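Visitor: I have a protein model on my screen. Please show me how to read it.

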Amino acid sequence: MSDKAEKPVERADASGGVGAVKKALMVLGCFSGAEPLLSITELARRVGLHKSSVSRIVATLEEAQFVERDPASGLVRLGGGLVALAAPIMENFGLSELVRNGLQELAATTQETCSFNIWDGEAAVSIEHVRGPHAVSHYAPLGLTKPAWCTATGKVLLAFLPDKVMVRIMATPLIKYTDVTLTDVAAIQAELETVRAQNFAVNRGEFYPDVGAVASVVRGKGGRIIGAVGITVPMYRFTEEKILSLREPVTAMAELLSKQLSAM
């Protein structure tokens with residue numbers, strides 16, 4: 001009797017909620033910073049499922065924006081929907097309050113919109129922001145994806161990631177978003193070397209023509225890259241003097257957050 005009673009429960013779990021969730025988690029677990037783009041075939045091989053099953057799982061995850069298709073290659077990558085899941089984790093560990101307080105202080109000092117950004121495997125993503133009193137528009141909405149080669153936060157994060165990540169990013173089609181967007185690999189690599197040397201990156205209207213930005217990297221324990229602090233400014237006010245005036249505040253806040261996060 002007990003054997004017969006147990007079998008239907010196992011079948012229900014395998015075909016229903018528990019089994020489906022486990023399979024979806026297995027698929028999500030295949031991605032990493034070193035391998036952010038994977039094919040359905042490769043995902044199926046890694047999780048030990050048929051391609052048709054993995055394709056259905058990916059379609060469901062895609063609806064929830066937990067994964068998405070890379071427009072250039074058609075491969076699967078993690079999606080921006082996972083950023084929303086990270087917010088409660090930041091709250092639980094006190095990171096959200098710490099970061100928010102830092103951004104509020106920075107916004108009060110600079111009078112500009114400030115944001116905290118993380119690396120999603122391919123680009124920087126804004127997960128927290130504080131709008132400055134002089135901002136004329138909302139330039140750093142939550143979840144905004146910022147390409148690595150033409151945004152301040154993207155550059156400063158890419159500069160400190162492993163070389164193989166840079167090689168992979170540079171091998172993808174580099175879109176020229178504005179007239180001043182750099183797409184020459186050698187020129188971008190030279191700029192990233194400068195960014196590494198000064199822990200400070202600048203975007204002079206390279207992603208949106210009317211938006212400039214500066215950014216500095218934030219580290220945790222053992223020097224691990226946690227994210228980047230960015231400040232966005234309308235281009236009509238983004239003079240060289242303005243850039244110089246923002247360099248010390250943004251790098252100082254990044255260093256302060258790095259010390260606080262390292263101590264947690």
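We go from the whole chain to its cores, its spaces and a few single residues.

Guide: This is a predicted model, so local features need pLDDT of at least 70, side-chain atom pairs count only at pLDDT 80 or more, and totals for chains, interfaces and linings use all residues. Residues are numbered from 1 along each chain as its sequence is written, and side-chain values use heavy atoms, with hydrogens and water left out.

Visitor: How many helices and strands does the protein chain have?

Guide: Helices (H or I, at least four residues) and strands (E, at least two) are DSSP runs, numbered from the N terminus. The protein chain has 10 helices and 8 strands.

Visitor: What share of the residues counts as buried?

Guide: Buried means under 20% relative accessible area, exposed over 50%, and partly exposed in between (1.4 Å probe, protein chains only). Of the 264 residues in the protein chain, 44% are buried.

Visitor: Which residues of helix H8 are buried?

Guide: An α-helix has 3.6 residues a turn, so residues three or four places apart point the same way. Helix H8 covers residues 163-171. Its buried residues are Val165, Met166, Arg168, Ile169 and Met170.

Visitor: What do the buried residues of H8 pack against?

Guide: Contact means heavy atoms within 4.5 Å. The buried residues of H8 pack against strand S3 (113-119), helix H7 (152-160) and helix H9 (185-198).

Visitor: Which residues have the most contacts inside the largest nonpolar core?

Guide: In soluble globular proteins, nonpolar side chains tend to be buried together. A nonpolar core is a set of buried Ala, Val, Leu, Ile, Met, Phe, Trp, Tyr and Cys residues joined through side-chain atoms within 4.5 Å. The largest one has 25 residues. Those with the most contacts inside it are Trp119, Trp149, Val156, Leu157, Leu158, Ile169 and Met170. H7, H8, H9 and S7 each give two or more residues to this core. The largest share, 5 residues, comes from H7.

Visitor: What does Trp119 touch?

Guide: Leave out residues up to four places away in sequence. Among the residues that Trp119 touches are Ala124, Leu157, Val165 and Ile169.

Visitor: Now the empty spaces. How large is the largest cavity?

Guide: On a 1 Å grid over the protein atoms alone, a cavity is a set of points where a 1.4 Å probe fits but cannot get out. A pocket is an open set with protein on both sides within 12 Å along at least five of seven lines. Lining residues have an atom within 4 Å of a point. Grid points are joined across faces, edges and corners, and a volume is the space filled by probe spheres set on the points. The largest cavity holds about 140 Å³. Its lining has 16 residues, with Lys146, Thr151, Asn203, Ala213 and Thr232 nearest the centre. H7, strand S7 (211-219) and strand S8 (225-234) each give two or more residues to that lining.

Visitor: Which residues lie nearest the centre of the second largest pocket?

Guide: They are Asp70, Pro71, Arg77, Glu122 and Tyr177, out of 20 lining residues. The volume of this pocket is about 400 Å³.

Visitor: Where does Gln111 lie, and what is its phi?

Guide: Gln111 lies in the loop between helix H6 (95-110) and S3. It has a positive phi of about 65°, although it is not a glycine. Gln111 is partly exposed, because its relative accessibility is 26%.

Visitor: Where is Asn199?

Guide: Asn199 is in the loop between H9 and strand S6 (201-204). Asn199 has a positive phi too, of about 55°.
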